[in-house]
Amino acid sequence: MCRLPFSMLYFLLWKALAVIMPPIKNIEKKKRKYQEAKKVLSLICDQMGTSNNGYRESILEAVRQDTYEVVDEILFRSPDTINCKDEEGHNIIQLAIISRSEKVYNLIYHIIERTESYRKITDSCMNTLAHFTGRLAPSLALSRTVYATLQLQRELFWHEEVVKLMLPLELTKQNIDEETPAMVFTREHGDLMKEGENWLKTTSESCSITAALIVTVVFAAAITVPGGSNQESGIPVFKKEFAFTIFALSNAFALFTATTALLEFLTILTARFYERDFMYNLPKAVVIGLLMLILSTSSMMVAFAATLFLVFCEQRLWMLPPICAFACIPIWFVVLGKLSLFIDLIQSTYIPIFGKKSYLESCKINQKNTIFTY
């Protein structure tokens, strides 16, 4: 009996939010279109049947575009389409790795894992699956992130993921050009590695200058406390004021966080920039440095606002709101300028792109005991 009122309340709340906030309405429309598109896809596959003759172009393009829903529907209807090959002789598994289609790869991972022939498959140039991860990703896949460091990091994740499927002896196999997978990766990603190194150095230099300025300012503020000190005892005049406690804590916190940020960015500037460092070490250092820089800037402005309150606002409480508002302006710009980069770093470093994902739960080939042959 409680379900009906709750469902009605949920429906009314969703409709109200859709009216107030247009983006929510757009999400609802996109979700509806997505469900309609899946129904149309299912109807088309019903008409085409189980023969794999008409699915070839569709499934190959779906793999290139990482449209896992189409791949799932076609493989569910016609499992043999997994052996469809493009003009260069690459099947669905090879093409998913070459195109860096992680959703399609996650969809068919259990097929690759339990089928030895798929893991050991090579093309006409004797390239194994690990060789394909050594190639530079297509521009479409690289454009998913704008930073060269994160592009290289994603490439390293792909290489590490596929290498785990291979036996150690297979990783030393050479292709027709007498190159191992590691050799191919180093050659293909040389330019991208230089771009990533330059981006890291440029970012670290600019952020280290900001951190050094904050350290200088807050250190000077700690020595020359607001209101001065008693000339006989040396105790600050505003020692008993609550605002002085806020100043002392925020100023100390700003000093510690800014120093940490400065040391992190200096660590990046003096790093060796090996390939493996781009996977975790360097991105983690940037994450810590940016977080400390944002916190130090915020703490510095809190300390400055507390100082203004102590000096000027004892009899003018009306000055407190504008001081707080003005103090939020630089904090807002710092957060706004660094937040997108910070979020991209967090997502790329700490949220894996491989493994069991929520979108795979509704996929049909994971629910059906589909038999794939090679």
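## Helix α4 and its burial

In this predicted model, helix α4, which runs over residues 68-77, is mostly covered, since eight of its ten residues are buried. The buried residues of α4 are Tyr68, Glu69, Val71, Asp72, Glu73, Ile74, Leu75 and Arg77, and a reader who follows the helix in the structure can look for each of them in turn.

## How α4 meets α6

Helix α4 has a partner in helix α6, which covers residues 102-114, and the axes of the two helices come within 9 Å and cross at roughly 30°. Because angles under 35 degrees count as roughly parallel, α4 is described as roughly parallel to α6. On the α4 side the contact is made by Tyr68, Val71, Asp72 and Leu75, while α6 contributes Lys103, Val104, Leu107 and Ile108. Sorted by character, the residues of this contact divide into six nonpolar and two charged, with no polar ones.

Tyr68, Val71, Asp72 and Leu75 therefore appear in two parts of this description, being buried, with under 20% relative accessible area, and also taking part in the contact with α6.

## The largest pocket

Rolling a probe the size of a water molecule over the atoms shows where empty space is left. The largest pocket in this model has a volume of about 240 Å³, and its lining is made up of Arg144, Thr145, Leu150, Arg154, Phe157, Asp344, Gln347, Ser348, Ile351, Pro352 and Ile353.

Two helices, α10 (148-163) and α15 (320-350), each supply at least two residues of this lining. The lining residues of the largest pocket divide into five nonpolar, three polar and three charged.

Note on methods. Residues numbered from 1 in each chain as written. Predicted model: local features only at pLDDT ≥ 70, side-chain atom pairs only at ≥ 80, totals over all residues. Heavy atoms only, no water. 1 Å grid on protein atoms, 1.4 Å probe; cavity = no way out; pocket = protein on both sides within 12 Å on 5 of 7 lines; lining within 4 Å. Points joined across faces, edges and corners; volume = space filled by probe spheres on them. Helix = DSSP H or I, 4+ residues; strand = E, 2+ residues; numbered from the N terminus. Nonpolar A, V, L, I, M, F, W, Y, C, P; charged D, E, K, R; others polar. Buried < 20%, exposed > 50% of the residue type's maximum accessible area, 1.4 Å probe, protein only. Axes fitted to C-alpha atoms, helices over the stretch in contact; angles between N-to-C directions. Parallel < 35°, antiparallel > 145°, perpendicular 65-115°, else oblique. Contact = heavy atoms within 4.5 Å.
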